[in-house]
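Trainee: I have a new model open and want to learn how to read it. Where do I begin?

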Amino acid sequence: MTDIDAKEAAQALSDIELIVQRVRQSRTYEIASLIMILWGVLVFLGNIATFASPRYGGYIWIGVNTVGALGAIAISMFRFPGAAGKGFDARLTVAFLLFFAFGLLCSKVFGHFGPREMGAFWLLYCLAGLWFGRAFVAIGLGITILTLIGYFFITGGAFLLWMAAANGGGLILGGLWMRRI
């Protein structure tokens, strides 16, 4: 066996730490991609259903948000129970509850948002990029730009079709892209 000096040992430890970080990010992206695809399908279907039956839009979106939140929790809990070296983290459930509470408070109490504003409001994907990687920022910015184009230039019920493609389709494509990086 050969002797290594302190500098070589420090470099080896640094290399190991870099590999561990890459594996964690890869695992995070793998979980996030499944969750994004789930939400993309639900958002796509929610917009189409709201376009077809606008009278029931409120109920449709309560269902979409409930199924999406429970599905995301289930994916992180059952699909990858040991993600990031831990089992299920209850903070995910609390984060969803706080996110929806904040959205409802801003949209129904302070803002009195209509359906168009609600469609554009739920775009906080970029925030995740601050913690989990640049892919979230890229996906979030892309969907935000498409949403703003639709918000300012597409009128009437066509906005729901635009959001089905831009937001739902964007999440699905973003999730598929994350599986490749």
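Mentor: We go from the whole chain down to single residues. Keep in mind that this is a predicted model.

Trainee: How many helices and strands are there in the chain?

Mentor: Start with the element count. Here the chain has 7 helices and 0 strands. Read from the N terminus, the order is α-α-α-α-α-α-α.

Trainee: What share of the residues counts as buried?

Mentor: Buried means under 20% relative accessible area. Of the 181 residues in this chain, 32% fall in that class. Look at the surface as well. Its accessible area is about 11500 Å², and carbon and sulfur atoms hold 72% of that.

Trainee: What do the contacts say about residues far apart in sequence?

Mentor: Take the contacts with a separation of 6 or more. In this chain, 66% of them join residues 24 or more positions apart.

Trainee: How do the axes of α6 and α7 cross?

Mentor: For a helix pair, check the distance and then the angle. Helix α6 covers residues 134-153 and helix α7 covers residues 158-180. Their axes come within 10 Å and cross at roughly 170 degrees. An angle over 145 degrees counts as roughly antiparallel, so α6 is roughly antiparallel to α7.

Trainee: Which residues meet between α6 and α7?

Mentor: Read the two sides in turn. On the α6 side, the residues include Phe136, Ile139, Ile143 and Tyr151. On the α7 side, they include Phe159, Trp162, Leu171 and Trp177.

Trainee: Which residues make the nonpolar surface patch?

Mentor: Look for nonpolar side chains at the surface. Here Leu141, Ile145, Leu146, Leu148, Ile149, Phe152 and Phe153 make a patch of about 710 Å². Leu146 and Ile149 also appear among the α6 residues that meet α7. Take Leu141, which lies in α6. Its relative accessible area is 45%, so Leu141 is partly exposed.

Trainee: Is Leu173 buried or exposed?

Mentor: Compare its relative accessible area with the cut-off: exposed means over 50%. Leu173, in helix α7, has 59% and is therefore exposed. Ala158 also lies in α7. At 38%, Ala158 counts as partly exposed.

Trainee: How far are the C-alpha atoms of Ala158 and Leu173 from those of Phe51 and Gly40?

Mentor: Set the sequence gap beside the distance in space. Ala158 and Phe51 are 107 residues apart along the chain, yet 8.1 Å separates their C-alpha atoms. For Leu173 and Gly40, the gap is 133 residues and the C-alpha separation is 8.4 Å.

Key
Residues numbered from 1 in each chain as written. Predicted model: local features only at pLDDT ≥ 70, side-chain atom pairs only at ≥ 80, totals over all residues. Heavy atoms only, no water. Patch = residues over 30% accessible without salt bridge, like charges linked within 9 Å, V, L, I, M, F, W, Y side chains within 5 Å. Areas by Shrake-Rupley, 256 points an atom, 1.4 Å probe, with all protein chains shown as cover. Salt bridge = Lys/Arg side-chain N within 4 Å of Asp/Glu carboxyl O. Helix = DSSP H or I, 4+ residues; strand = E, 2+ residues; numbered from the N terminus. Buried < 20%, exposed > 50% of the residue type's maximum accessible area, 1.4 Å probe, protein only. Axes fitted to C-alpha atoms, helices over the stretch in contact; angles between N-to-C directions. Parallel < 35°, antiparallel > 145°, perpendicular 65-115°, else oblique. Contact = heavy atoms within 4.5 Å.
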